[in-house]
Amino acid sequence: MPAAEETTRLEPEKQRLLKHHTEKHFTAGEIVRDIIIGVSDGLTVPFALAAGLSGANASSSIVLTAGIAEVAAGAISMGLGGYLAAKSEADHYARELRREQDEIITVPDIEAAEVAEILAQYGIEPHEYAPVVNALRKKPQAWLDFMMKFELGLEKPDPRRALHSAMTIAIAYILGGIVPLVPYMFIPKATDAVVASVVITLVALLIFGYAKGRFTGNKPFRSALQTALIGAIASAAAFAMAKAIHP
């Protein structure tokens, strides 16, 4: 049922209260999650690759070429992964929706008992939830929505979610991946460029980690340090391995 229609059925006093109260909830969680996935991998993986090639005494042009190739491949791979993950979620929701529809039609008494059980878990007494159960049985769509959300814990996915997820992750990966490669565009000697790359990327990781902490509700400074530390460890490991294989 549309929210507007539902609101018109509320008592005037409740309508007045809702109209004068705006809850400031963050509702862009999926988009932020995709951006975090894309940027964090985009900053870390090309950074480690560039550091490793620099440790192997490769020239800046080779590092840049390999880095751009990796960013392109990584963006495609990560975007495809995001698309398939979102598509799988949508397919799972559709399967469970069909199953729940069939159960409401074929075994309505069992489904009604499940509604009662769900409400009882919230401490609602039988004489209190009985009218709710009876009201839902008269409204099949509302009953179905209730079961999907409260029995299965599933929210109806946005049909465009898969494509949006793929594009968001891919673009975020590209933007993150360009950062550690910028010094190699202007500094011919890779051993000099890697120093600038480390500085620029660590600053970017700190900023990104801080922003991630603010958006996700974690401690921003702690998130910034953790993100930068992970990137530093990855690049140091790649650089050390390259040096060990190619002294």
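**Figure 1. Buried residues of helix α7 pack against α4, α5 and α6.** The model shown is predicted: local features require pLDDT of at least 70 and side-chain atom pairs count only at pLDDT 80 or more, whereas totals for chains, interfaces and linings use all residues. Residues are numbered from 1 along each chain as its sequence is written, and side-chain values use heavy atoms, with hydrogens and water left out. Helices (DSSP H or I runs of at least four residues) and strands (E runs of at least two) are numbered from the N terminus. The residues of α7 that are buried (under 20% relative accessible area, with exposed meaning over 50% and partly exposed in between; 1.4 Å probe, protein chains only) are W143, L144, F146, M147 and M148. For the 12 residues of α7, a rise of 1.5 Å a residue gives an expected span of 16 Å (1.5 Å times one less than the number of residues); the end C-alpha atoms lie 15 Å apart, in agreement with that value. Just after α7, G153 adopts a positive phi of about 70°.

**Figure 2. The chain is built from 11 helices and zero strands.** Along the sequence, the elements follow the pattern α-α-α-α-α-α-α-α-α-α-α. Of the 247 residues in the chain, 33% are buried. Among contacts (heavy atoms within 4.5 Å) with a separation of 6 or more, 71% join residues 24 or more positions apart.

**Figure 3. The buried residues of helix α5 pack against α4 (60-106), α6 (126-137) and α7 (140-151).** Helix α5 comprises the 13 residues 108-120, for which 1.5 Å a residue predicts a span of 18 Å; its end C-alpha atoms are 18 Å apart, which agrees. Buried within α5 are E111, A112, V115, A116, I118 and L119. These residues lie on the same side of α5, because they cover an arc of only 160° around the axis, the arc being that of the directions from the helix axis to the C-beta atoms. An α-helix has 3.6 residues a turn, so residues three or four places apart point the same way.

**Figure 4. Helices α4 and α5 pack at an angle of about 110°, with their axes 5 Å apart.** This angle makes α4 roughly perpendicular to α5; the classes are roughly parallel under 35 degrees, roughly antiparallel over 145, roughly perpendicular from 65 to 115, and oblique for the rest. Axes are lines fitted to C-alpha atoms, for helices over the stretch in contact, and angles run from 0 to 180 degrees between N-to-C directions. In this contact, E100, E103, I104, I105 and T106 of α4 meet P108, E111 and E114 of α5. The residues of the contact comprise three nonpolar, one polar and four charged. Here Ala, Val, Leu, Ile, Met, Phe, Trp, Tyr, Cys and Pro count as nonpolar, Asp, Glu, Lys and Arg as charged, and the others, Gly among them, as polar.

**Figure 5. Helix α8 carries buried residues on one side and exposed leucines on the other.** The 18 residues of α8 (residues 161-178) should span 26 Å at 1.5 Å a residue, and the end C-alpha atoms are indeed 26 Å apart. The buried residues are R161, A162, S165, A166, I169, A170, A172, Y173, G176 and G177. They are placed on the same side of α8, as they cover an arc of only 165° around the axis. On the other side of α8, L163 and L175 are exposed.

**Figure 6. Two buried residues of helix α10 (residues 190-216) are A193 and S197.** A193 counts as buried because its relative accessibility is 0%. Not counting residues up to four places away in sequence, A193 touches S60, P183, Y184 and I187. A193 and S59, 134 residues apart in sequence, lie 9.7 Å apart in space, C-alpha to C-alpha. S197 is likewise found in α10 and, with 1% relative accessibility, counts as buried. Leaving aside neighbours within four places in sequence, S197 is in contact with F47, P180, P183 and Y184.

**Figure 7. L205 of α10 and S223 of helix α11 (residues 220-245).** L205 is buried, with a relative accessible area of 1%. Beyond residues up to four places away in sequence, L205 touches L43, T44, A224, T227, A228 and G231. L205 and S223 are separated by 18 residues in sequence and by 9.8 Å in space, C-alpha to C-alpha. At 6% relative accessibility, S223 also counts as buried. Apart from neighbours within four places in sequence, S223 contacts G209, K212 and G213.
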